[in-house]
Every structure is written in C-alpha cells, then in structure tokens.
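Subject: Structure for your files

Hello,

Here is the structure I said I would pass on. My notes on it follow below.

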Amino acid sequence: MLVVSGSSCRYLAVNVSRLINAPLIPSECKVFPDGEIYVRIDGDVSGKPVAVFQSFALNPNDYLVEFILLTDLVRDLGASKIIAVIPYFAYARQDDRFKPGEALSIKTIASIFKSLNIASIVTVDMHLHRVSNPSELFKIPVYNLSAMELLIDYVMNVFKPESPIVIGPDEESKQWAEIAARRVNIDYDVLEKIRYDSHRVAIKPRGLNIHGRDVIVVDDIISTGGTMAEAVKALRSYGARRVITACTHPILTGQALSKILEAGAEAIVGTDTVPSPVSYVSVKTVIAEFLSRCMI
Ligand code: R5P
C-alpha cells in the first residue's frame with residue numbers, strides 16, 4: 001500500500017505510513033492567486049492500492065476540492081484501489097432537512113465520493129446521528145473507527161480522576177460516553193441539550209449524582225465550544241469536583257478554548273484528526289491498525 005496526503009493532515013499521514021511501513025508518495029497542494037487549487041504527486045502509484053489522507057476540518061471546502069483532485073489523479077495514474085482516510089468528516093452534521101429547502105449535504109458528499117471510484121472510507125467518530133449505516137448512504141464500505149478509548153486512557157493516566165464518571169453533553173453523545181466508560185469500567189450518563197442556533201445552546205437541568213466526583217465530559221466535536229461550556233457550567237452547578245473535557249475533533253472556532261476553561265473545565269483534550277493546541281492524543285494507532293488489517 002502507498003500513502004498520499006492532502007495538506008490538512010500530513011503529520012498524521014506520515015506517522016501512519018511509518019507505522020504500517022507503507023511508502024509516502026510526496027504530494028504538492030497549492031492555491032493559485034485566483035483561488036483555484038493545484039495538486040501534483042511525485043511517484044508511481046500504478047497497480048498499487050493507495051490510501052489518500054485528508055481531514056475536512058478548519059478549511060473544509062478547499063480540503064474537499066483538494067481531496068477530489070488528488071483522488072481522481074491517483075485513479076487516473078493507475079492506482080489499483082483507493083482507500084479514503086478522512087480522520088474528520090465534515091458535512092456529516094447536515095444529515096437532515098431541519099428547515100424546508102435545506103441541502104442534505106451528507107447525501108451530496110456521498111454522491112461525490114461514489115463518483116470518485118473509492119473502494120472504502122476510513123474515518124474516526126463520524127457525526128452519525130440520524131444516519132445509522134453510512135455504508136448504505138455512501139454505497140461503499142465506511143469504517144467508522146473511534147478515538148474514545150484512546151481519549152479516556154489519556155485522561156485517566158494524566159489526570160487520575162477520583163470517583164470518576166463519564167458524561168455526554170447531549171443525548172446524541174451517549175454512543176461515545178458509553179465506549180469511554182466501558183473501556184475503564186466506570187459509570188456514564190448524558191445531559192439534555194437544547195440548540196437554538198449554531199452558536200447558542202442550553203443544557204436542561206437534570207438530577208445527576210455527581211456531587212464531589214470528578215467528571216470527564218466526552219463528545220465527538222468541539223466547534224464553537226458552546227455545548228462543552230454549557231455542559232461544564234451545569235456539571236459544576238450540580239457539584240462536580242473537577243471537570244475534564246475530551247473530544248475527538250477539536251475544531252475550536254473563535255474563543256472556544258477560553259469559553260470552556262472560563263466555564264470551569266480543568267482541561268480540554270483532543271486528538272490530531274484536527275491539528276490544534278489540545279491535540280494531545282494521536283489517532284495514528286487506530287488508523288494504522290485498521291490499514292494493516294486491509295493489507296493482509
Ligand atoms: C452535536 O451534536 C455535536 O455532537 C457537538 O456537541 C457539537 O457539534 C458541538 O458544537 P459546538 O462546540 O459549536 O457547541
């Protein structure tokens with residue numbers, strides 16, 4: 001297998017390629033003065049399976065076009081099979097028509113992927129709320145790996161929480177809270193969230209027994225930080241002793257970090273699906289283990 005990376009996650013792609021002993025084909029991605037994207041690879045991919053890495057975070061639209069160009073290029077140059085490795089998969093949140101006339105973005109992206117002749121997609125903690133089986137939607141196998149075990153291991157080792165409990169900030173985060181809690185054999189629960197718009201959320205009061213306990217809040221994404229900050233405030237008001245927050249994709253737009261810390265969190269821990277100042281945990285091992293199995 002060969003590895004080709006777009007510009008969003010080169011560091012992660014290099015680390016994975018080393019772990020699985022797969023040569024990394026150098027790639028160049030640049031933007032012309034008018035905003036058009038240019039890509040080039042420097043190596044022979046003909047007859048070989050190629051894993052194309054790109055994380056659709058921070059600059060998702062440009063990264064998406066870069067990915068489309070790279071993938072089509074690799075196919076055009078004769079790759080035998082293309083595996084798309086998308087550590088953060090943007091556009092998955094618009095998976096329904098919440099208001100009449102809205103685009104079903106995830107469905108459109110699925111059609112684009114289908115047209116690129118990709119054999120399978122590997123991603124991490126995809127935002128799957130209403131889509132229960134992404135393989136059905138994309139019409140190719142989608143392998144949704146999780147970083148939750150890595151995150152909880154890191155938090156337990158570094159922060160050594162006492163009488164710990166895992167909390168998800170909303171009903172939809174139950175899937176991630178459950179994985180984290182099961183890994184270290186502790187309790188978990190979720191809060192109830194009301195979202196007003198993309199910046200404003202409220203957490204509904206709930207009778208949780210967390211007085212004097214150390215709470216680890218886990219979620220897939222921290223974007224504006226609104227959800228995490230409100231969750232931290234609520235947990236502190238219910239008597240949590242320490243609150244440590246963790247997420248797979250630290251997108252962290254605007255003042256997200258300070259918002260969460262000012263709300264009373266002791267720490268924010270994320271992974272390198274999105275490069276950020278809190279990407280303490282690397283998903284390289286979960287991706288490498290998966291790709292190694294594909295190579296057998
Ligand atoms: C929503 O359902 C997600 O799981 C996250 O809770 C949400 O995307 C976080 O966004 P923000 O940080 O902007 O509140």
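Why does Phe-113 count as buried? Its relative accessibility is 1%, and buried means under 20%. Please keep in mind that this is a predicted model.

Aromatic rings

Phe-138 also counts as buried, because its relative accessibility is 1%. The ring centres of Phe-113 and Phe-138 lie 5.9 Å apart with the planes at 85°, so this pair is edge-to-face. The pair links distant parts of the chain, with Phe-113 in helix α3 (residues 105-115) and Phe-138 in helix α4 (residues 134-138), 25 residues apart.

The count of aromatic pairs comes to 10. Phe-56 and Phe-67 make an edge-to-face pair, at 5.7 Å centre to centre and 75° between the planes. This pair, too, links distant parts of the chain: Phe-56 sits in the loop between β5 (49-53) and α2 (60-76), while Phe-67 belongs to helix α2, 11 residues apart. Both Phe-56 and Phe-67 are buried. Ring pairs join Phe-56, Phe-67, Phe-89, Phe-113 and Phe-138 into a cluster.

There is also a charge over a ring: Lys-30 lies over the face of Tyr-38, 4.8 Å from the ring centre.

The sheet

An open sheet is formed by 6 strands with parallel pairing, in the order β10-β9-β13-β14-β15-β16. Its edge strands, β10 (187-190) and β16 (279-281), each pair on one side only. On average, neighbouring strands of this sheet are turned by 35° against each other, direction ignored.

At the β10 edge, strand β9 (residues 165-168) pairs with β10 in the parallel sense over 4 bridges. Within that pairing, Gly-168 of β9 stands opposite Val-190 in β10.

Which strands does helix α6 touch? Helix α6 (residues 174-184) packs on the sheet and touches β9, β10 and β13. The direction of α6 makes about 170° with that of β10.

Helix α5 (residues 148-159) packs on the sheet as well, where its contacts are β9, β13 (214-222), β14 (242-250), β15 (267-271) and β16. The direction of α5 makes about 145° with that of β14. Strands β9 and β13 are thus listed among the contacts of α5 and also among those of α6.

Regards

Key: Residues are numbered from 1 along each chain as its sequence is written. This is a predicted model: local features need pLDDT of at least 70, side-chain atom pairs count only at pLDDT 80 or more; totals for chains, interfaces and linings use all residues. Side-chain values use heavy atoms; hydrogens and water are left out. Two strands pair if DSSP finds at least two bridges between them. Helices (H or I, at least four residues) and strands (E, at least two) are DSSP runs, numbered from the N terminus. Axes are lines fitted to C-alpha atoms, for helices over the stretch in contact, and angles run from 0 to 180 degrees between N-to-C directions. Contact means heavy atoms within 4.5 Å. Rings of Phe, Tyr and Trp (its six-membered ring) pair if their centres lie within 6.5 Å; planes under 30 degrees apart count as stacked, over 60 as edge-to-face and the rest as tilted. Buried means under 20% relative accessible area, exposed over 50%, partly exposed in between (1.4 Å probe, protein chains only). A charge sits over a ring if NZ of Lys or CZ of Arg is within 6 Å of the ring centre and within 35 degrees of the ring normal.
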